[in-house]
Amino acid sequence: MPEPTEERTELTGLFVEKPQSVVAITGKDVSFVVKVDSTNLTRKPTMKWLKGKWMDLGSKAGKHIQIKETYDRNTKIYTYEMKIVKVVPGDAGGYRCEVTAKDKCDSCTFEISVEAAEQEEQADILSAFKRADAGEDEGELDFSALLKAAKKKKKPEPEVEIDVWELLKNAHPSEYEKIAFQYGITDLRGMLKRLKKMKTVEPKVSEAFLRRLESAYSVNKGKKIVLSVEVTDPNAEIKWLKNGQEIKPSAKYIMEADGNIRTLTINKCSLADDAAYECVVGTDKCFTEVFVKEPPITITKLLDDYQVLVGERVEFEIEVSEEGAHVIWMFEDVELSRDDKNSKYRFKKDGKRHCLIIQEATIEDNGMYYVHTNGGQSKGELIVEEKELEVLQSIADLTVKSAEQAVFKCEVSDEKVTGKWFKDGVEVKPSDRIKIAHIGRVHRLTIDDVKPGDAGDYTFIPDGYALSLSAKLNFLEIKIDYVPRQDPPKIHLDVAGNMVSQNTIIVVAGNKLRLDVEITGEPAPTVCWMKGDKALTESEGRVRVENRKDLSSLVIEGAEREDESNYTITVTNPAGEDKANLFIKIVDVPDAPENVKCTGVGEDCATIIWEPPKYDGGAPLKGYLMERKKKGSSRWTKLNFDIYEKTTYEAKRMIEGILYEMRVFAVNGIGMSAPSLNSKPFMPIAPTSEPTKLTVEDVTDTTCSLKWLAPEKIGAGGLDGYLIEYCKEGETEWHPANTDLVGRQSFTVKNLPTGEKVNFRVVAVNIAGQSPPALLEQPVTVREIMEHPKIRLPRELRTKYIKRVGEKVNLVIPFQGKPRPAVTWLKDGQPVDEKKVGIRNSNVDSILFIRSAERDHSGKYTLILKIENMEDSATIEIRIVDKPGPPTQVHVTDVWGFNAALEWKPPKDDGNCDIIGYTIQKADKKTKEWFTVYERNRRTNCTVSDLVIGNEYLFRVYSENLCGLSEDPCMSKNTAVIAKTDLACKRPPYKEKDMTSPPKFTAPLVNRSVTIGYSTAISCAVRGFPKPKIIWMKNKMIIGDDPKFLMQNNQGVLTLNIRKPSTFDSGKYSCKAVNALGEDEVECKLEVVRATPAEKRD
């Protein structure tokens, strides 16, 4: 008989590709692929890999069994793969894969056969037993050389290939030598050994076991499992083995024997208990395998995406639901092994926290990383970028005099970067006069005692980067001329390296500015620095003036925006005056952009806009850099590496249904601003798919009723409602039929032009926008369809409709007919009084309701439907019932002996329904206590018997219908007197019988077997007169006043109750009865046993 799953396969056919049965080689890998088409599925299918009928391989996933799942969005095909690594003989057997999706299911079966790794072919086996030195006779055995008789060989004729081993297996042992001679096998002993291995051993019928172990058991981790067998000999001794090692009794392994049943209980199963078990009785064995299933481990904290530079450390981190869980890390489709000592990956486990660490990331590490548990998976993307070295301060040209010091200095963004200095293309080597220094991010080349030969072009090249910084060293040769005694002052301003325009110096905020101005004049001139209208006189502090001979310096430490201004230097001496004007401009990184917000989302994208920063830092903005992160995460991911110039950006590669936040950096020539404020969280979502199965439900002269089903794909954005639109045939403008979204899946479009052909469409709407429209295949003609009126009277209303007084009456009568029929209700041929009966009508039914039924509501109600000259009607009979009145004229018609005859007449009011009987009661006139004589007596007369002599009796009668007994009875008009008569009792003579007798047990005690903890009793019966004394004994010892035992004697039936017996209460129990005439004794055996554990069921 085919299994149910096979039937469902024929019905649904979800599989596109099914696995095939294979023959696997021990130690090799084998894979099975299943493909499922999800085009017609409303939700993701669930796949199960099973071994046998019930063993779920999902719980066994690990190094040996690997299960993967992929999905192709273009073809909507799910691909499931199961890989068995290094096949072992235990993997052989039948397998099944089952896919379910809501109300659809499909399954298929396949088998794995396992063969030994080194399996010789039959021809090779056969040749092993032939002679190695036979020369040309090696292929066919010839005993002619042994018999010393030379015979001429015949040319062999082509023969049909014969399986020699099949002949040997089926032949009698006496024919082995003949067959070996015929087919050239000389190693007869080796042949017999090989044949013995090849012969199938018939299964031996077990004589030691009545019931063996199941082939396999499955248990959840932490639970207990009971292995049970039934042996033939109840006294047989057994051994339990685990993976061939004998199991010793302990708190974990409990072995019990109960009659023929032997059990092994394994408490708190762990993964170490996943093994092969066997039960040994003498030389007979039975085997089983226990599979320990781990509970599904879910991932509570998902992987984050990382974006790092080459050489940086990466640490992927997750948290799982339980400690000690087994997780599998994968890079793309390759599992990352913990056993490889040379691997760059490090694995860290701390309770529920699991980490994958990459100490120094490389470009090859780019890709998607996955982590799997048996209850879920997560993925995170790693993006590794090349380092970009940023020059924070370049080297500047220098002009120095003889014997002075020249210092070239530059600053880069990475303090680990080293480099070399070159002069005119030749590397500069350190010496006593030339010193090269590298401190943090700053590189210096210092030349002491400058000489003319030091002039030239100097270049700094960082190691590993295609970058060079150059500057020129100019040697200033001093000529001594005759200087007049009086020389007017002169300012020699040379700041060409810092100027961007005439007399303008640009300084980066935070940097130090030292403006050295050479001054000449005799006598030495007086120097005055001015910032705007304010004189600078401080010689110490952040902004100061330093004066030396022939040199005046303006020093600004850590330039700030407030330092930007016009500066004036004035030098005077008796010979004259000189003046120079400078403008110092402070440039900085820009302020952060403002008002970052999301203006639109898609399935995996979002549109972000922002406003430029209020302050550009004094330098033109080059563009922006964007970052995003998942809400709740602290890891930001860069979205662009090249500067983006616009203020609108579309972020892609996002996951639908996940909340994200964005921030933006502004970039100018100085650097990058601080990040903007995070945008409000937004979620990438897509509109739903179009509604399905749009159909027309009804059409009138001005309306059209539509109905449809929800979209197949709704997504994370949910569904807010539907928008219905229509347009006339031949037009292109669609008109909305509803202003507010419709939540239900039906709608009636009103105010349509009669007789026009109209097209309709329905659009699903959610937060992401409108879905594609669902269109009717053909336009609808707006015209009423004439349909005859027809009343669909419910079955229960086709007979009398009975209700009790005070109950509600609510009748719903469905009907059909177009256009809407006129509805009329009549009661007994007259229009219904709507003050007493409520009527409500709709397009498809009419409702008649009565809030509290009264007797006068009873009658025949007629419903009439009319459409022009067409008509249909139906009649309903409603009966409102109540309790009946009492019977009338109850009287006693006759009295004789102990009897009295009563008669009465039916009640005047039957409660609007049939009388189903009468209840008759009697009362003694002395006591006035009433007793029921008859109930539901159907006749209007009865005879009351068993009256007491000498008493006078009263009688009363109640009537009864469907609602119950009448409120009041009817009393009898007369009484019945039972007269006394002269009666004499004459006792016959008799002889008193001697009743004395010795004790005699009429019912013995019976042997019993009871369960521990369940109270029991043993009983017997005894007779004897005088009443015998009863003595209970256990093992010939009298049972005293032990509260555990309760002894009872009820009319000679003797019972000994034993409360919650234990194994100590087992033994022989006896009961002795003693009186003056003798004694008697009975005994029984009571066995107290343990409860038999429940057998393992599939």
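# A walk through a strand-rich predicted model

The charged end of lysine 629 sits over the ring of tryptophan 636, with 5.4 Å between that end and the ring centre. This is a good place to begin a tour of the structure, which is a predicted model. A second arrangement of this kind involves arginine 761, which lies over the face of tryptophan 734 at 4.3 Å from the ring centre.

Let us step back and look at the whole chain. The protein chain has six helices and 88 strands. It contains 1098 residues, and 37% of them count as buried. How do the contacts spread along the sequence? Among contacts between residues at least 6 apart in sequence, 63% join residues at least 24 apart.

Lysine 629 also takes us to the inside of the model, where it helps to line the largest cavity. There are two cavities of 30 Å³ or more, and the largest holds about 70 Å³ of space. Along with Lys629, its lining includes Asp304, Asp305, Arg628, Lys630 and Arg635. Ser633, Thr637 and Tyr660 are also part of that lining. Which strand gives the most residues to this lining? Strand S49, covering residues 621-630, does so with three residues. Sorted by character, the lining has six charged residues, two polar ones and one nonpolar one.

Now for the aromatic rings. A pair of aromatic rings is described by the distance of the centres and the angle of the planes. The model has 17 aromatic pairs. In one of them, the ring centres of tryptophan 421 and phenylalanine 460 are 5.0 Å apart and the planes meet at 50°, so the pair is tilted. Tryptophan 421 belongs to strand S31 (residues 419-423) and phenylalanine 460 to strand S35 (residues 456-462), so this pair ties together parts that are 39 residues apart in sequence. Are these two residues buried or exposed? Tryptophan 421 counts as buried because its relative accessibility is 2%, and phenylalanine 460 is buried as well, at 1%.

Another tilted pair brings together tyrosine 726 and phenylalanine 760, with 6.4 Å from centre to centre and 45° between the planes. Tyrosine 726 is in strand S55 (residues 721-728) and phenylalanine 760 in strand S58 (residues 757-766), so the pair links distant parts of the chain, 34 residues apart. Phenylalanine 760 is buried, with a relative accessible area of 1%. Tyrosine 726 has a relative accessibility of 19%, and because buried means under 20%, it counts as buried too. Elsewhere, ring pairs link Phe32, Trp49, Tyr95 and Phe110 into a cluster.

The backbone has some details to look for as well. Where are the cis peptide bonds described here? One joins glutamate 522 and proline 523, with omega about -5°. Proline 523 is found in the loop between strand S40 (513-522) and strand S41 (526-531). Another cis bond runs from phenylalanine 1025 to proline 1026, with omega near 0°. Proline 1026 lies in the loop between strand S82 (1016-1025) and strand S83 (1029-1034).

Glutamate 522 appears again in the surroundings of aspartate 487. Leaving aside neighbours within four places in sequence, aspartate 487 is in contact with Gly521, Glu522, Asn573 and Ala575. Aspartate 487 lies in strand S37 (residues 487-492) and is partly exposed, with a relative accessible area of 24%. How far is aspartate 487 from proline 574 in space? Their C-alpha atoms are 8.8 Å apart, although 87 residues separate the two in sequence.

Finally, two loop residues show a positive phi without being glycine. Alanine 403 has phi near 70° and lies in the loop between strand S29 (398-401) and strand S30 (406-412). Is alanine 403 buried or exposed? Its relative accessibility is 51%, and because exposed means over 50%, alanine 403 counts as exposed. Lysine 1060, also not a glycine, has a phi of about 45°. You will find lysine 1060 in the loop between strand S86 (1053-1058) and strand S87 (1067-1075).

Technical notes:
Residues are numbered from 1 along each chain as its sequence is written. This is a predicted model: local features need pLDDT of at least 70, side-chain atom pairs count only at pLDDT 80 or more; totals for chains, interfaces and linings use all residues. Side-chain values use heavy atoms; hydrogens and water are left out. On a 1 Å grid over the protein atoms alone, a cavity is a set of points where a 1.4 Å probe fits but cannot get out, and a pocket is an open set with protein on both sides within 12 Å along at least five of seven lines; lining residues have an atom within 4 Å of a point. Grid points are joined across faces, edges and corners, and a volume is the space filled by probe spheres set on the points. Helices (H or I, at least four residues) and strands (E, at least two) are DSSP runs, numbered from the N terminus. Ala, Val, Leu, Ile, Met, Phe, Trp, Tyr, Cys and Pro count as nonpolar, Asp, Glu, Lys and Arg as charged, and the others, Gly among them, as polar. Buried means under 20% relative accessible area, exposed over 50%, partly exposed in between (1.4 Å probe, protein chains only). Contact means heavy atoms within 4.5 Å. Rings of Phe, Tyr and Trp (its six-membered ring) pair if their centres lie within 6.5 Å; planes under 30 degrees apart count as stacked, over 60 as edge-to-face and the rest as tilted. A charge sits over a ring if NZ of Lys or CZ of Arg is within 6 Å of the ring centre and within 35 degrees of the ring normal.
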